[in-house]
Amino acid sequence: MSVDPTSGAFEGIRVVELAQWVFVPVAGALLADWGADVVRVERLEGDPYRGLATQGIGTDRGGVNLSMALANRGKRSVALDLQHPKGLDVLHELLASADVLLTSLRPGALERLGLSADAVRERHPHLIYARGNGFGIRGPDADEPGYDASAFWARGGVGHILTPPERDYPISQRGAMGDRNGAMALAFGIAAALLKRTRTGTGSVVDVSLLATAMWMLSSDLLAALNGGDVMRNSGRTAVMSPLTATYRTKDDRHIQLMFLQGDRYWKEFCRTIGRPDLAEDERFVDIPRRRANGAACVAELDAVFATKTLAEWKDVLASMDAPWSPIQSIEEVIEDPQVIANSYIGEVEMDDGTSYRLPSVPVQFDGQPPPLRRAPEHGEHTEAVLVELGYDWDRITELAEAGVIP
């Protein structure tokens, strides 16, 4: 059966997005990827993320702002002054036609606008009210600002656990790492709430914080801390504990990651494959307990072996094993990886002028297909079109423009 690539799981669902920067907008982009009509309500001056210059992929790129494009692909943009009563009226008309309100505004700001969860659900009981924030909706810091580097990386413990103890300063986070992981959780919560609504007929409140996202990602370490185990910070190689789940350097200073969790299952074949069958018979290394007890010696043997061949040569050697291992790849290598290409993990966005650019695709695929990627909207690009959909005539639209409610 052929699948229509333009259809999506959220076809017919309207999302009103009242958010900025990355975390919550990326959740909206994921829903838009799968067919939702995501109407992005921006301030008259626009999302400040539009002006961010970073890594040559933002306003410093000299072309399409790829950072903005990744977070807002497939949406429509309405520019609206919500401080003006008529602007709030427009928003409520949008919400009456919507299935989801998706917001990153802090509780205090929402309260001042009359858009708290209780107020919105009383007026629009069908609506799913989804909010992403830094630190959760309760507690002393519920109204504090939180970006992923502060709420996820710093306060959530990720930076601490990944920084080797000998460093003077924590390692830096990669751009928007917590934001994009939190966005996946928020999109999942919205999908679950939509399913629940089909059974109950009423909307729900969905909450995801960057702090909770960090804790979920560090679940193994939290389990250890909660139950008296050892929480080990990243100290480079953990080879002595498990020589077969370690990283080894090749002759050309590249690295290979072994991940033989079932060490005894693979040990003999591995020793034969690398040309050292004698290691399989060495009494110090014959099983998991003895390899662990003699970890330093086992690692030393394997270090010497891996140093004899280049990465390309080891790829050929290890290819014969049906076992989990991988080369440590650079980002430049990842985007050219045959598996990335074969699975369409990078999509292409076609622009109206015939040019195009590439973006990472959403990791979820339906029926073996990634979603088609569409461009991000310009600031306020769809303001008039959306108002016309809501029933506004051109006289009313002109009145809003003259009152400064819309651009």
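Reader: Hi! Is Arg-290 buried, partly exposed or exposed?
Author: Arg-290 counts as partly exposed, at 35% relative accessibility. Keep in mind that this is a predicted model.

Reader: Thanks! And which residue forms a salt bridge with Arg-290?
Author: That would be Asp-287. The closest N and O atoms of Asp-287 and Arg-290 are 3.1 Å apart.

Reader: How many salt bridges does a search of the whole structure find?
Author: The search comes up with 25 salt bridges. One of them pairs the side chains of Asp-37 and Arg-76, at 2.9 Å from N to O.

Reader: Where in the chain do Asp-37 and Arg-76 sit?
Author: Asp-37 belongs to strand β2 (residues 37-42), while Arg-76 belongs to strand β3 (residues 76-79). With the two positions 39 residues apart, the pair links distant parts of the chain.

Reader: Nice. Why does Arg-76 count as buried?
Author: Arg-76 has 16% relative accessibility, and buried means under 20% relative accessible area, so Arg-76 falls in that class. Its partner Asp-37 is partly exposed, with a relative accessible area of 22%.

Reader: Got it. What about Asp-352, which residue does its side chain meet in a salt bridge?
Author: Asp-352 meets Arg-375, at 3.5 Å from N to O. Asp-352 lies in the loop between β10 (346-350) and β11 (356-360), and Arg-375 in the loop between β11 and α18 (383-389), so this salt bridge ties together parts that are 23 residues apart in sequence.

Reader: And are those two buried or exposed?
Author: Asp-352 is exposed, with a relative accessible area of 69%. Arg-375 is partly exposed, with 21%.

Reader: Which residues are linked in a network of salt bridges?
Author: Here is the network: Glu-17, Arg-40, Glu-42, Asp-47, Arg-50 and Lys-75.

Reader: Great, let's switch to sheets. In what order do the strands of the open sheet with β7 come?
Author: The order is β7-β8-β9, three strands with antiparallel pairing. The edges are β7 (247-249) and β9 (325-327), each of which pairs on one side only. On average, neighbouring strands of this sheet are turned by 20 degrees against each other, direction ignored.

Reader: How many bridges join β8 to β9?
Author: Three bridges join them, with β8 covering residues 255-258 and the two strands running antiparallel.

Reader: Last one: which residue in β9 stands opposite Leu-258?
Author: Look for Trp-325, which stands opposite Leu-258.

How values were computed:
Residues are numbered from 1 along each chain as its sequence is written. This is a predicted model: local features need pLDDT of at least 70, side-chain atom pairs count only at pLDDT 80 or more; totals for chains, interfaces and linings use all residues. Side-chain values use heavy atoms; hydrogens and water are left out. Two strands pair if DSSP finds at least two bridges between them. Helices (H or I, at least four residues) and strands (E, at least two) are DSSP runs, numbered from the N terminus. Axes are lines fitted to C-alpha atoms, for helices over the stretch in contact, and angles run from 0 to 180 degrees between N-to-C directions. A salt bridge is a side-chain nitrogen of Lys or Arg within 4 Å of a carboxyl oxygen of Asp or Glu. Buried means under 20% relative accessible area, exposed over 50%, partly exposed in between (1.4 Å probe, protein chains only).
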